[in-house]
Amino acid sequence: MTGRVAISSEAEPDRFLPRAGLIRGWLDLYLTMFRIAILNNIHYRVANYFYMIGMVAEPVIYLVVWSTIARQHGGQVGGFTAGQFAAYYIVWTLVRQMNIIFTPYGWEERIRQGGLSAMLLQPLFPIHRDIADLAGWKLVTIVLWLPIAAVLTLLFSPELSVRPIDVAVFAIAIWGAYLVRTMLYWMLGMVSFWTTRVGPIFQLVFAAELLLSGRLVPLSLMPEWAQRLADLLPFKWTFGFPIEALVGHLTEGALLRGLAMQLVWIVIGTIGVRIVWHFAIRHYSAVNG
Amino acid sequence: MSSPRTPGSQPAIHVAGLRKTFHVPVREAGLKAAFKSLVRRETREIRAVDDIGFEIGAGEIVGFLGPNGAGKTTTLKMLSGLLYPTSGEALVLGHVPSRREGAFLRRMTMVMGNRNQLQWDLPALDSFELIRAIYRLQPVDFRRTRDEFIEMLDLGELVNKPVRNLSLGERMKVEIVGALLHRPQVLFLDEPTLGLDVTMQKRIRTFIADYNRRYDATVLLTSHYMADVQALCRRVIVIHHGRILHDGELAELGVRFDATKTIGVTLKEGVADLSAYGDVISSDEGRVTLRVSRAAAPEVATRLLRDLQVADLTIEDPPIEDVIERVFASGHGEPGEEDAAANAAPSAVIEQR
């Protein structure tokens, strides 16, 4: 036995940025992660474009079905005209793009293949990597979305009249939706620490989200009990609220209440993620990595 | 190898009574067993690491040897904070690894042969920037360290090529640079030269030795290549079936576990049957290699010189690979002892859950 080391809680502080620059450090980290994600995704721009085109199929089906029903019912259904449906589902395509998160299925692979190990060895809680990676990807795909939105606008003639406050709240709400959904599905994905093959559990949650988020149909067309239930769950704040912020002519109070609800779910989600992580990580077997 | 503690200081790595047990589901083949498992799930308990203890001082390079499944990687993963120990104590630079505190993660690194922390489609330089931001490294210091490592490993323009275009050896070199950019004080290296050609292995060995000297870093290294261990480690810890068989100088291993010497004899005229002097291991182009007991070696050599016309005679320890192979094959804690492997074998306890 030779050397002994002094106990120190800091690792040669002079080589690391001072804690005083904590905010600057986080900003630098996120900007660097965005940059890396953008570089990675520009590399796969063709694949991304085909992905985007494929993703449009779902809202176009909803749009065609609801527009047809509206026409058959004298021009509108539940207060929605064909043009308003068009506006709803065209904005839907952007919101959907914005709230794509690291899939719970990815957790299965991450844990089974040991891909989490490399992340765990670095002094950064892995959720930041996921948030930044997909946020960078969104910055690339928003550019790709613009021509798709233009084509849909030409085809379906949406009725859209917005106020500056609608645009401002929408711009915040799509990122809020992204964070709410990230927290929610991170918690769900971490079930994979206890058991593999968690697909059926995920499917159950996805089904609830489809019905109670405004993804399948605007929530105002749902029965009143379903709308009340949706108010209590996080799904509405990831889909229906951002879309309606732009196309739903919500009052200023409703817009701010919506943002507040997103904040509440982000806080609940962050606490939930921390608690689940605390117990889940003990079950990590770090196989293959 | 342990030494008494002094207030305010401690060994870089301290391990005592460390255990890791995995519960693995077991099911027999067939439909009947499949239905049975629906109501009564059986698991097998695998003790991957079973009550091990050692201390490693700052600046030491220690080889961690054992056959596949011996518990080496599980131990490294516990020491790097990837795995929670089932029981026991582990301290690395005064930190409990499983807590994964930022201050701990900034002071250590783990390099695994199959680890990929680099962005596959981007040049390594971009990944290095990301590492700088994650570890919150001072930009000036980061650039100095990065350029120094690039030079030490002769990476040159390779860092400007997308990682996917690099060969396995080149990729391993940039992986190692990425893993050390924050200049960790403790390095856990799990098969860092796996699959590399001899030249590349040597380059990486030299780099590890230089890093150790320059930064007084502590290194715990596993490798199936004895050349790595011989070049870098004075001390080795041998683990088998989750238990430590040997902790000491590499040179002691042969003395402790292989009580033999090899005697190489070249006769002046022709080849003779030398089986009366010892076990003939090989006979090739007039040179005969004998294995004899360590104690008898001087006497056998004297007899050979006396009885025969000897052109050349050498007495050597057996190659370290052979010693290690014999240790693993026997599973003995001590030569001549009752087979320790019987006690150390992973237990297979059937539980119902």
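Which strands of chain B does helix α9 (residues 250-257) lie across, and at about what angle does it run to β10(B)? In this predicted model, helix α9 of chain B lies across β4 (61-65), β9 and β10 of the same chain, and its direction makes an angle of about 120° with that of β10(B).

These three strands belong to an open sheet of 6 strands in chain B, arranged in the order β6-β7-β8-β4-β9-β10 with mixed pairing. The edges of the sheet are occupied by β6 (108-112) and β10 (243-249) of chain B, and because each of them has a single partner strand, one side of each is left without a neighbour in the sheet. On average, and with direction ignored, neighbouring strands of this sheet are turned by 15° against each other. At the β10(B) edge, strand β9 (residues 235-240) of chain B is joined to β10(B) by 6 bridges, the two strands running antiparallel, and R235(B) has E249(B) of β10(B) as its bridge partner.

Towards the other edge, the pairing of β6(B) with β7(B) is parallel and extends over 5 bridges, with M110(B) having F188(B) of β7(B) as its bridge partner. Strand β7 (residues 186-190) of chain B is mostly covered, 5 of its 5 residues being buried; V186(B), F188(B) and D190(B) point one way from the strand, whereas L187(B) and L189(B) point the other way. β7(B) also pairs in the parallel sense with strand β8 (residues 218-222) of chain B, again over 5 bridges, and in this pairing L187(B) stands opposite V219(B) of β8(B). The connection from β7(B) to β8(B) passes through helix α7 (residues 198-215) of chain B, forming a β-α-β crossover that is right-handed.

Helix α5 (residues 139-152) of chain B comprises 14 residues and reaches 20 Å from its first C-alpha to its last, close to the 20 Å expected at 1.5 Å a residue. Its buried residues are F142(B), T145(B), R146(B), F149(B) and I150(B); because they cover an arc of only 135° around the axis, they lie on the same side of α5(B). An α-helix has 3.6 residues a turn, so residues three or four places apart point the same way. The cover over the buried residues of α5(B) includes α4 (124-135) and α6 (168-180) of chain B, while the face turned away from the buried side carries the exposed residues V140(B), R144(B), D147(B) and E151(B). After α5(B) comes D154(B), whose phi is positive, near 55°.

How values were computed: Residues are numbered from 1 along each chain as its sequence is written. Chains are lettered from A and ligands numbered from 1 in the order in which they are written. This is a predicted model: local features need pLDDT of at least 70, side-chain atom pairs count only at pLDDT 80 or more; totals for chains, interfaces and linings use all residues. Two strands pair if DSSP finds at least two bridges between them. Helices (H or I, at least four residues) and strands (E, at least two) are DSSP runs, numbered from the N terminus. Axes are lines fitted to C-alpha atoms, for helices over the stretch in contact, and angles run from 0 to 180 degrees between N-to-C directions. Two residues are in contact if their C-beta atoms, placed from the backbone, lie within 7 Å. A residue is buried if 20 or more other C-beta atoms lie within 10 Å of its own, exposed if 12 or fewer, and partly exposed in between; C-beta atoms are placed from the backbone. A crossover is right-handed if, with the strands pointing away from the viewer, the path from the first strand over the helix to the second runs clockwise. The expected span of a helix is 1.5 Å times one less than its number of residues. The arc is that of the directions from the helix axis to the C-beta atoms.
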